[in-house]
Amino acid sequence: MQIVADIAQCEGLGMCEAMAPDIFEVGPEGHVVIHDPSPDESRRQDLQAAVDSCPVLALTLQD
Amino acid sequence: MRLVVVGASLAGLRAVEAARRAGCTDPITLIGAEQSAPYDRPPLSKALLCADNPAQVLPFHAEGHLRDELGVELRLGTPATGLDVDRREVIVGTERIGYDGLIIATGAAANAWPMGAGVAGVHPLRTAQDALAIRAALDAGARVAVIGAGFIGSEVASAARARDLPVTVIEAAPQPLTRSVGGAVADVLTRLHRTAGVDLRVGTQVTQVHQSPSGVTGLSLSDGSHVPADLVVLGIGARPATGWLRDSGLPLHSDGGVLVDATLATGAPGVYAAGDVAHSPHSVFGDDVLRLEHWTSAAEQGAAAARHLLDPSAARPLQTVPYFWSDWHGHRLQFVGVPSADEVRVIRPEVERFLALYRRGDRVVGAFTINGQREIMRYRRHIVGQAPFEDALAEAAAADAVVA
Ligand SMILES: Cc1cc2nc3c(=O)[nH]c(=O)nc-3n(C[C@H](O)[C@H](O)[C@H](O)COP(=O)(O)OP(=O)(O)OC[C@H]3O[C@@H](n4cnc5c(N)ncnc54)[C@H](O)[C@@H]3O)c2cc1C
Ligand code: SF4
């Protein structure tokens with residue numbers, strides 16, 4: 001499972017950070033920084049929640 | 001189970017997607033009043049009004065994707081006109097569409113402004129069509145008047161100022177957005193507008209609309225002044241689009257919204273509601289019943305309604321923490337939580353890095369930031385955890401230490 005962020009799309013709205021703070025953080029440039037791009041399968045629900053919560057659809061989950 | 005979703009926008013689309021993701025392979029029908037496939041509304045008052053961007057609204061997914069990939073039967077441009085909960089049928093004109101499960105996601109529609117009815121150049125801003133009309137007027141260099149200093153009106157004012165067009169914002173209340181953010185914060189918002197060159201008239205109402213054969217020419221105001229304008233944008237709020245439910249017997253709020261429980265169930269068998277249309281109890285905030293008009297809530301509720309409908313035994317109360325953002329004059333405004341509080345404490349008054357925290361009893365229930373992208377979600381954690389106000393204050397002090 002791989003999490004991909006489209007930085008050009010990301011507006012740093014931070015919803016992904018709210019859903020999974022250990023994996024996403026809004027960084028100094030105001031864009032998402034992904035701490036762990038391929039998290040354990042057990043985190044799928046959190047990651048899906050993060051992907052779904054992004055208001056600019058900047059995140060995708062790839063298997 | 002035959003699933004019917006009424007309202008083809010964010011909440012309705014998320015319901016369909018979540019149903020498929022949950023493994024539902026049964027027929028799904030999506031009924032929408034607008035001609036177009038679901039599209040995103042926040043950009044309508046932001047990116048779309050910017051001269052650098054194409055004047056075009058793209059849907060979330062093409063119709064082909066909805067039909068072929070998501071297997072949805074699309075009924076676009078055909079508003080539902082009634083609901084028969086006993087026979088489990090949605091009425092669309094003369095047709096009846098049966099359902100086993102129904103999700104109501106008809107959102108909200110812009111409030112009417114009778115004084116400007118039928119006058120060319122006077123526009124609400126709710127749909128792609130509205131936004132494209134406003135965009136065209138801005139491209140033509142219109143002098144702009146905005147009625148209502150809410151979020152949408154203020155974003156239009158920002159877009160107009162970015163093009164160096166003259167803008168007057170007319171607000172009946174003594175301050176902008178007092179209801180959504182509280183008085184202490186309204187103050188900084190007033191400053192934001194005025195610094196950017198917006199002529200903000202608070203405590204003021206329109207007394208007359210002037211027009212020529214080609215459309216609006218200006219407004220007379222209750223302060224005795226006259227504002228010339230070729231474009232008047234209505235930012236006076238929206239109300240739930242539930243005319244079609246009037247005779248359904250479903251419990252409706254006095255504003256017309258659909259009342260649901262914390263799992264989004266209406267009480268009628270198999271009927272759920274989600275998004276801007278729904279009033280639901282918010283367990284994180286003492287079960288306050290709120291009808292939010294926020295992107296994240298509509299997305300979350302749409303998906304949850306579908307999951308709960310497909311498997312009611314697994315339904316749990318949502319733990320929603322309201323969140324919205326708005327862009328004014330190059331500044332990012334963000335609010336997380338609820339504004340109804342015993343105290344609104346301004347922690348940092350500077351516009352560049354404004355922070356206010358909202359206290360109810362000894363708990364933190366809200367946070368408002370300007371340009372606080374790196375910070376806001378830290379407060380959300382305290383809010384969802386129903387943490388003491390002191391914890392949020394400590395968080396703010398820590399953030400300050402990093403900046404200093
Ligand atoms: C200009 C603008 C800017 C915004 N900016 C932000 C922002 O910055 N941040 C934020 O958090 N939120 C923002 N919002 C709010 C956000 O867009 C809404 O919360 C969200 O669109 C709600 O989605 P919804 O699906 O519940 O309802 P809606 O988007 O209102 O969709 C309801 C759909 O149902 C259809 N419908 C209505 N009646 C019927 C019927 N009888 N039969 C069939 N279909 C029907 C409507 O035509 C519409 O397409 C903004 C909204 C607007 C208009
Ligand atoms: S939610 Fe989306 S826009 Fe916000 S920080 Fe995450 S990726 Fe960026």
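Which domains does the domain assignment give for chain B? Here are my notes, point by point.

1. Let's start with that question. The assignment splits chain B into domain 1 (3-109 + 238-314), domain 2 (112-234) and domain 3 (330-403). Notice that domain 1 is written as two stretches, 3-109 and 238-314, while domain 2 is written as 112-234. Keep those ranges handy when you click around the structure.

2. A word on what you're looking at: this is a predicted model. Chain B has a mean pLDDT of 95, and 99% of its residues come in at 70 or more. For the model as a whole, the scores are ipTM 0.80 and pTM 0.94.

3. Now for where the two chains meet. On the chain A side 19 residues are in contact, and they touch 18 residues of chain B. Putting the chains together buries about 1,500 Å², and carbon and sulfur atoms give 51% of that. If you want residues to look up on chain A, try A:Leu13, A:Asp52 and A:Pro55: these lose the most area to chain B, together 31% of what the chain A side buries.

4. How many salt bridges does the rule find across the interface of chain A and chain B? It finds five. One of them joins B:Arg332 to A:Glu11, with the closest N and O atoms 2.7 Å apart. The same interface also has eight residue pairs in polar contact, counting pairs where both residues are at pLDDT 80 or more.

5. Which pieces of chain A do the touching? α1 (15-19), β2 (24-26) and α2 (44-53) each supply at least two residues of the side facing chain B. The largest share, four residues, comes from α1(A). By type, the chain A side divides into ten nonpolar, five polar and four charged residues.

6. Another salt bridge worth finding on screen pairs B:Arg374 with A:Glu25, at 4.0 Å from N to O. This pair crosses between chains: B:Arg374 sits in the loop between β26 (363-370) and α8 (376-384) of chain B, and A:Glu25 is in strand β2 of chain A. Over all chains, the structure holds 34 salt bridges.

7. Back inside chain B, have a look at domains 2 and 3. Their centres, taken over C-alpha atoms, are 30 Å apart. The contact between them takes ten residues from domain 2 and 13 residues from domain 3. About 870 Å² is buried here, with carbon and sulfur atoms giving 81%. On the domain 2 side, B:Val185, B:Val188 and B:Leu192 supply 44% of the area buried against domain 3, more than any other three residues.

8. What about charged and polar pairs between these two domains? The salt bridge count between domain 2 and domain 3 of chain B is zero, and the rule finds one residue pair in polar contact, both at pLDDT 80 or more. On the domain 2 side, α5 (178-181) and α6 (183-195) each supply at least two of the residues that touch domain 3. The largest share there, six residues, comes from α6(B). Sorted by type, the domain 2 side has seven nonpolar residues, one polar and two charged.

9. To put the two interfaces side by side: between chain A and chain B there are five salt bridges, whereas between domain 2 and domain 3 of chain B there are zero. Carbon and sulfur atoms give 51% of the buried area between the chains and 81% between the two domains.

How values were computed. Residues numbered from 1 in each chain as written. Chains lettered and ligands numbered in written order. Predicted model: local features only at pLDDT ≥ 70, side-chain atom pairs only at ≥ 80, totals over all residues. Heavy atoms only, no water. pLDDT = per-residue confidence, 0-100. Contact = heavy atoms within 4.5 Å. Buried area = accessible area lost by both parts, 1.4 Å probe. Salt bridge = Lys/Arg side-chain N within 4 Å of Asp/Glu carboxyl O. Polar contact = N/O pair within 3.5 Å; in protein donor to acceptor, adjacent residues only side chain to side chain. Nonpolar A, V, L, I, M, F, W, Y, C, P; charged D, E, K, R; others polar. Domains from an automatic or database assignment.
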